Structure formats: C-alpha cells, structure tokens
Amino acid sequence: MLAQIRRAAVVAGLGATALLTIATSTASAFGPLPPANPYLGPVGTATMHGDSEASDTTPLPGVGTGGVNADFHEQGAACPTILQGADGLPQALCTKITDRAPEVLLLDPSNGNTLAKLDLTKGSLLGGVYAYLDNQDRMVTVDGSGNLLRIGHQRGADGKWSLSIASKTDVTQAVTGHCGGGDCDAVSSVSPDYQGRVWFATDGAAAGFVNLDGSARSIVLAPGENVANSIATGPQGMAVATDHALYLLDVDGGGNPRIVWRQAYDRGPARKPGQLSWGTGATPTFFGPGDGTEYLAITDNAATKENLLVYNTATGTPVCSVPAIDGTENSPIGSGNSVFVASTYGYPYPALPPNAGASQPASAPISGGMTRIDVTGSGCTVVWTNTVPSSAVPRLSVADGKIYTFTRHSLLGSGSSALGSGSSALGSGSAGLGSGSAGVTDNYSFAVIDANTGKVDCEQFVGATTINDTLEMVGTIAPGRIQYQGTTTGLYRVTPK
C-alpha cells in the first residue's frame, strides 16, 4: 500500500513532506488507490474521474476546511474536464456557449489564467466532455470528424504558449461502420488500457480500441442500446455501462474486443429529472480493498430509489444491490470497501442529448443527499446518509479523508430555480433543451464533507446565478491544495486563504 501511494505521489510530482503526509494519513483512512496506469499522466489529475478506473479518488490532499479563495475565470464556455499533467500545467476541455463546439485551454498554474486555446471539430454533446492526459502530458480525445487526437503544448522563443495537434488517427470506420457510415454515431469517451490501447465507446453502444499501430477495431454491444457516460479501464479490461446493462470487455486471441460479461440492471420506467439519459447515470467505478480493482460499481435507474450495484470484476457476479439515492447522474466514488453516491435528482440542465427522452416526472425540486455504503463479508451496509445538495461530482482525497464538492441552494426552496421547481422558458424535458437553469436566487458554495461520518466540515459561498452553476461537473484536486471546478460559463480556481 505504501509503495503504491509513493508511486502515485512521485508521478504527481509531490515533495517528500507531502508524500509523508499522504502515506501516514492513508494508512488509517481510505484506499488503496487503483494501480497507476503507465499510459496516463499523474494519478488523480489525468482523467475526469481521477484515474483510468474512474474511482473519483486522489492521493493528493484537498484545499482543506479553512477559508478559501475562489477565483472565477469567465471563458464563455462550460468546462466539465480540467486536468493537470506532470509538467504542472492545467488543461481544460470546454464546450463553447455560442456553438457548442469543444475547445482546449492551457492554463497558467499560478493563477488559472488562459495561456492558449485550440478549437476542435464539433461532434455530439458528450464529444466535448471526456478526455484524458497521456504519459507525455498530451490531451487525448476524439473530435467530431472521427479523429483520435493527441494535443500537445509548447512555448515559443517569444515566451508565448500554444496548443497543437501532435498526432491524428482516423477511427471513423470503427466508429460508424456498424451503422452505415456518415455521421450515424460518435465517440462519447476514451481511456487507455494497461497495454497502451486507447479504448472508446460510442453514443450508439459500439465499443473498441485503437492499437499502438493506429489500427482500430470495434464491436456493437447490443442493438438499441446507448452510452451516455464515460468508460473506465483497469487491469482486467474496459468497463462500460449502456442504458440497459454493465459490460466488461477485454481482447481475444485474435486481437479483437470481446465481451467478458454483461449484467442487465433495472433501468426504470423513464429518465428521471436530474439525469441525462434513461438508464444509469454512472460511469463504472473500479474499487476494492485488495488491489483497488476487484469490484465494479454503478447505480441503476430503479423507481423510486436507485440502487448501488456492486459486482465482482473478474466474474460479473453480483455482490450486492442496496437502495441508495433518489436518482443520480454522477459516478460513485470507490475506495477500499467504501462507495459514496451523491444524488442529482431534480437538477435542471440547460441542454440534454437528443435521445434523452422526457423525464418522469417532467421536473422536480433538487432532493440532494449523499450516501456511504460499505462492502462487507455478507453484502453491503449503509454507513451514513446526509442531505448535502451536491452540485458537482464529488472527489475523495485519501490523503485527508475528506470529500470535496460544491453545493447549490436557493432562497425559494431546496434547489428550485427562480422560474419554479426545475422549470425553464426553454421547456421542461424537451430533447436538446433541458429542464431548467439557475435563477437569481440560486447560489453555490464550496463544501468539504468528512468521509468517515458524512458531516459537513465547512461550506463557503462562492457565487450565484447561471454564471456560477457547477452543473454536476467534476472538480479536480491538483498539487498544492488547489482545486479546479468547471461551471456553465467558465471555471473556478479554489485555494486556501
């Protein structure tokens, strides 16, 4: 365990003092971390969910429970993915408000200001969301033209930074060949495996990988299914959840992707308010008390309470199903024997994927709430629940045992907007429009929660209205107790006072 933390800390560029703090506190708290993927950047900051296993944990200590400085940087774009490489330079993948096309930002680590920008080809709604940093600090994503891009950054003789495409691999045939070509499908997410292949999943539930030689291979998981979340990769293979089932894939003897196991789940009668698809809202999470990957977890879409589902990674055998929250669009946090699930039920989104469908009910107040569930010898047990109205994907620091997130409150009631309970002039649940937006009475706070007890250690107001809506996006904890958090119009850089 100590060796694993040491490796993670070294990869993240930490000093000896920080390393000692992490090793000491982790030994008596949560963990272990999943193994470090050799084709990724630093552990904790190279993917949206912290690592290729999507554990939503980090070896880094967070901002802490004292006062904070929350510096907002307006970008004219929503920034759901903010990552940081071994060189210490943060990078963000954002979606511009004007045309919903993605752009990559290179940020100044000292203040969060933008050093350089690069526009990418527009694709599907999720095409501007998921990316990762490889072991050369290049952002890896698939753009709307069907090219797998590796985006590098460099500093010129004049001292100015720039972003450029270091390599480009056409994967259109593997992505759309199953449906007749054209723009019939699009990559929704990518993640590297432990052999260097870049796995991907598409909106239309095709899955495959790009080999080191640039060749791409794919299969269709099941006709009529869709993927609306990211994928995760561990030593055992690639995990992906469609709107019907959870899958584990690996590579067969002929070098082709194959399904190791499939487990259907209860997808409920319809999409719930606060979700982007009719099915699970979760990216699969690898976790476990041994090597950090022996379990896989998602949430289902059962009515009325959604269940946390835990499976044996190797076999797909169910470990437990436990009622957890009203509904969620967030991936669970997984660490050791513990899983943490945050509700997003009722959260109003300004935009939805085109095939999201109407929600039942059409809208609802934000219910809030987080739950910790531990895997035990006899199944799973609820350890605590709280009523925290989390408005971001929470992140667990195994260094300090705290869960870091943002919260949303309203003067008109629990999470409701100034336009009513999740309603909006854009419509209620219409595909592509969403079910509401933040109003003038909605305000957002930086929050720290004790992972052992579920109690809120501190909550500090940072901003209000649509400009500061964190929209259930992920926060990234960087070295130096810095946290980056995207909003609908830009990003926060949060530091201790």
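Let's start close to the C-terminal end of the numbering, where β33 and strand β34 (residues 490–496) pair in the antiparallel sense over 4 bridges. Strands here, like helices, are DSSP runs numbered from the N terminus, with at least two residues (E) for a strand and at least four (H or I) for a helix. Two strands count as paired if DSSP finds at least two bridges between them. This is a predicted model, so local features need pLDDT of at least 70 and side-chain atom pairs count only at pLDDT 80 or more, while totals for chains, interfaces and linings use all residues. Residues are numbered from 1 along each chain as its sequence is written, and side-chain values use heavy atoms, with hydrogens and water left out.

Stay with β33 for a moment. β33 and β34 form a hairpin with 3 residues between them, and within this pairing Q485 has Y492 of β34 as its bridge partner. On the other side of the pairing scheme, strand β32 (residues 473–478) runs antiparallel to β33 and is joined to β33 by 4 bridges. Here the bridge partner of G475 is Q485. β32 and β33 also form a hairpin with 3 residues between them, and G480 in that turn has a positive phi of about 90°.

How much of β33 is covered? Strand β33 (residues 482–486) has 5 of its 5 residues buried. Buried means under 20% relative accessible area, exposed means over 50%, and partly exposed lies in between (1.4 Å probe, protein chains only). Both faces of the strand are covered, with I482, Y484 and G486 on one side and Q483 and Q485 on the other.

Now step back to the whole chain. There are 3 helices and 34 strands, and buried residues make up 62% of the 497 residues. Contact means heavy atoms within 4.5 Å. Among contacts between residues at least 6 apart in sequence, 58% join residues at least 24 apart. The chain exposes about 16500 Å², of which carbon and sulfur atoms supply 53%; accessible areas come from the Shrake-Rupley method with a 1.4 Å probe, and for residues only the protein chains shown count as cover.

Next, look inside. A nonpolar core is a set of buried Ala, Val, Leu, Ile, Met, Phe, Trp, Tyr and Cys residues joined through side-chain atoms within 4.5 Å. The largest one has 28 residues, and L148, I151 and V190 touch the most other members. Elements giving two or more residues to this core include β5 (102–107), β6 (114–119), β9 (147–155), α3 (172–176) and β11 (187–192). A second, separate core of 22 residues includes L276, A356, Y444 and V462. To get a feel for the largest core, click on V190: leaving aside neighbours within four places in sequence, V190 is in contact with Y132, V140, T141, V142, L148, V198, W199, F200 and I231.

The cysteines make a good last stop. A search of the whole structure finds 3 disulfides, a disulfide being a pair of cysteine sulfur atoms within 2.5 Å. With bonded cysteines counted along the chain, the pattern is 1-2, 3-4, 5-6.

C79 and C94 form one of these disulfides, with their sulfur atoms 2.2 Å apart. The torsion about their S-S bond is about 105°, so the link is right-handed. C79 lies in strand β3 (residues 77–84) and C94 in strand β4 (residues 90–96), so the pair ties together parts that are 15 residues apart in sequence. C79 is buried at a relative accessible area of 0%, and C94 is also buried, at 0%.

Another disulfide joins C179 to C184, S to S 2.0 Å, and is right-handed with 65° about the S-S bond. Are these two cysteines buried or partly exposed? C179 is partly exposed at 33% relative accessible area, and C184 is partly exposed at 35%.

The disulfide between C320 and C380 has an S to S distance of 1.9 Å and is left-handed, with -70° about the S-S bond. C320 sits in strand β22 (residues 318–325) and C380 in strand β26 (residues 379–386), so this pair ties together parts that are 60 residues apart in sequence. C320 is buried at 12% relative accessibility, and C380 is buried at 19%.
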